[in-house]
Amino acid sequence: MGTPAASPADVAISAASAELIALSHAVHAEPELAFEETRSVAKIRTPLAERGFEVTTGVAGLPTAFRAVYGTGPLTVGICAEYDALPEIGHACGHNIIAASSVGAALGLAAVADDLGLTVVVLGTPAEESGGGKILMLEDGAFDDIALAMMVHPGPADIVGARSLALADLSVTFHGREAHASAAPELGRNAADAVTVTQVALGLLRQHFRPGQQLHGIVADGGVAPNIVPGHAELLYYLRAADAASLDDLMRRASACFEAGALATGCTHEIRTLAPTYTELTPDPAVLEVYRTQLAGLGRVPIAPELEAARPLGSTDMGNVTNVVPGIHPVIGIDAGGAVTHQPAFAAAAVNDSADRAVVDGATALARTAMAVARDEEQKSRLLQRLVERQEDIR
């Protein structure tokens, strides 16, 4: 028997592979922070517009958010592209790979959209690292017509049923009273001491965490000079938990620690949420298994399903999407030499040969997954029925 003919989607992705890899490298070379990804967005939109996608910019009032649409079929597949970088360490989360693989998957699906009854939508989603771009777009209706949302994220290993933690992004500001630290310290109320008491309380709280609960933070402001009692101090903290209910519990207990710091030092304090709260990933089980099969067809071997829950990724605003829209957020493995995401060495690895393979494999696996779902009448009907129910709820 001869080798089966490649699908038009595979052919399209293969034909664009050099362009996709170049796109990944170009985004990587000019890292941009949340909501400032203007050059990256221009690079990502170009190959889509050139191939007939109808591109709308400024989605949800966000200058670096966009939707690119191809086809008119009843099953609308949304492919999320991320492209923001991290401060100082650039694309240490590999969003350049995400952007390029999402474009590649869209080009592949565009080649079969008419035959399979698809509408292909690339959702350009800014500010995943901080800011919750997907949440803002979700709330504004950018996902209202999406029956299936997909993306693939790089990491040190292939993980199909990737899990993430719910996250709250907080600023805690303490207000005291300045005074001369030598001549009249008794007149001061030390906001930096409030920070110290708070951090001790948080450190002691850690021994009583529920499984999956985490917190970590930095001192963003601790005073201006040694001889001035600090009248202002600020903590920036992430609180994480396995799910939204556990995050609420952690927030309540951490808030008591913030209050304790203020009370002990005679200061006042305020807690501000800096970004929308991220919820945990809830990937669609049936679509996950389709993706697992397609990944195996590419010769990749993901970690065992029973180990997936023990390997949380951190947090992602894609969690909010999957709590509303059936979707998947698997991890595509690259050889990072032992480095993990958010390390400088991972940023360097995000443009090596294995990262380039991940761009093409990720695009291919996503496209093949969407095609398999579109050909499965039971799965397609289920997703379309979910969409109808969701749209009724919106109305």
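How many disulfides does the structure hold? The count is 0. Keep in mind as you look around that this is a predicted model.

**The cysteines**

Let's see why two of the cysteines stay unpaired. A disulfide needs two cysteine sulfur atoms within 2.5 Å. Take Cys80: the closest cysteine sulfur belongs to Cys93, and at 15 Å from the sulfur of Cys80 that is too far for a bond. Cys257 has a similar story, because its closest cysteine sulfur, in Cys267, sits 16 Å away, again too far for a bond. Are these two residues buried or exposed? Cys80 is buried, with a relative accessible area of 0%. Cys257 is buried too, at 8%.

**Two pockets**

Now for the open spaces. The largest pocket has a volume of about 880 Å³, while the second largest pocket holds about 200 Å³. Here is how their linings break down by class.

| Pocket | Nonpolar | Polar | Charged |
|---|---|---|---|
| Largest pocket | 20 residues | 13 residues | 6 residues |
| Second largest pocket | 5 residues | 2 residues | 2 residues |

Which residues lie nearest the centre of the largest pocket? They are Cys93, Leu313, Gly314, Thr341 and His342, out of 39 residues that line the pocket. So Cys93, whose sulfur is the closest cysteine sulfur to that of Cys80, turns up again here, among the residues nearest the centre of the largest pocket.

Several strands help to build this lining. Strand 6 (153–155), strand 7 (166–175), strand 8 (214–221) and strand 9 (232–241) each supply at least two residues. Strand 6 gives the largest share, with 3 residues.

What lines the second largest pocket? You'll find Asp169, His216, Gly217, Ile218, Leu236, Tyr237, Tyr238, Arg240 and Leu274 there. Strand 8 and strand 9 each put at least two residues into this lining, and strand 9 gives the most, with 4 residues. Those two strands also supply residues to the lining of the largest pocket.

**An annotated stretch**

An unreviewed UniProt entry carries the annotation "domain: Peptidase M20 dimerisation" for residues 168–260. Over that stretch, the chain is 34% helix and 28% strand in the model. The C-alpha atoms at the two ends of the stretch are 20 Å apart.

**Rings side by side**

How many aromatic pairs are there? The count comes to 3. One of them joins Phe66 and Tyr83, and this pair is stacked, with 6.4 Å from centre to centre and 15° between the planes. Phe66 lies in strand 2 (residues 66–70) and Tyr83 in the loop between strand 3 (75–81) and helix 4 (95–110), so the pair ties together parts that are 17 residues apart in sequence. Both Phe66 and Tyr83 are buried.

**Two residues with positive phi**

Next come a couple of backbone angles. Ala127 isn't a glycine, yet its phi is positive, near 60°. You can spot Ala127 in the loop between strand 4 (118–124) and helix 6 (133–140). Ala127 is buried, with a relative accessible area of 0%.

His342 is another non-glycine residue with a positive phi, this time about 70°. The loop between strand 12 (331–333) and helix 12 (344–349) is where His342 is found. With a relative accessible area of 40%, His342 is partly exposed. You've met this residue already: His342 is among those nearest the centre of the largest pocket.

**Two distances along the fold**

Finally, try comparing sequence separation with distance in space. Ala29 sits in helix 2 (residues 17–29). Is Ala29 buried or exposed? Ala29 counts as exposed, because its relative accessibility is 59% and the cut-off for exposed is over 50%. Along the chain, Ala29 and Asn96 are 67 residues apart, and their C-alpha atoms are separated by 9.2 Å.

Leu202 is in helix 7 (residues 191–205). At 1% relative accessibility, Leu202 counts as buried. Leu202 and Ala18 are 184 residues apart along the chain, with 49 Å between their C-alpha atoms.

Note on methods: Residues numbered from 1 in each chain as written. Predicted model: local features only at pLDDT ≥ 70, side-chain atom pairs only at ≥ 80, totals over all residues. Heavy atoms only, no water. Buried < 20%, exposed > 50% of the residue type's maximum accessible area, 1.4 Å probe, protein only. 1 Å grid on protein atoms, 1.4 Å probe; cavity = no way out; pocket = protein on both sides within 12 Å on 5 of 7 lines; lining within 4 Å. Points joined across faces, edges and corners; volume = space filled by probe spheres on them. Nonpolar A, V, L, I, M, F, W, Y, C, P; charged D, E, K, R; others polar. UniProt positions renumbered as here; feature names shortened; annotations may be inferred. Phe/Tyr/Trp six-rings, centres within 6.5 Å; stacked < 30°, edge-to-face > 60°.
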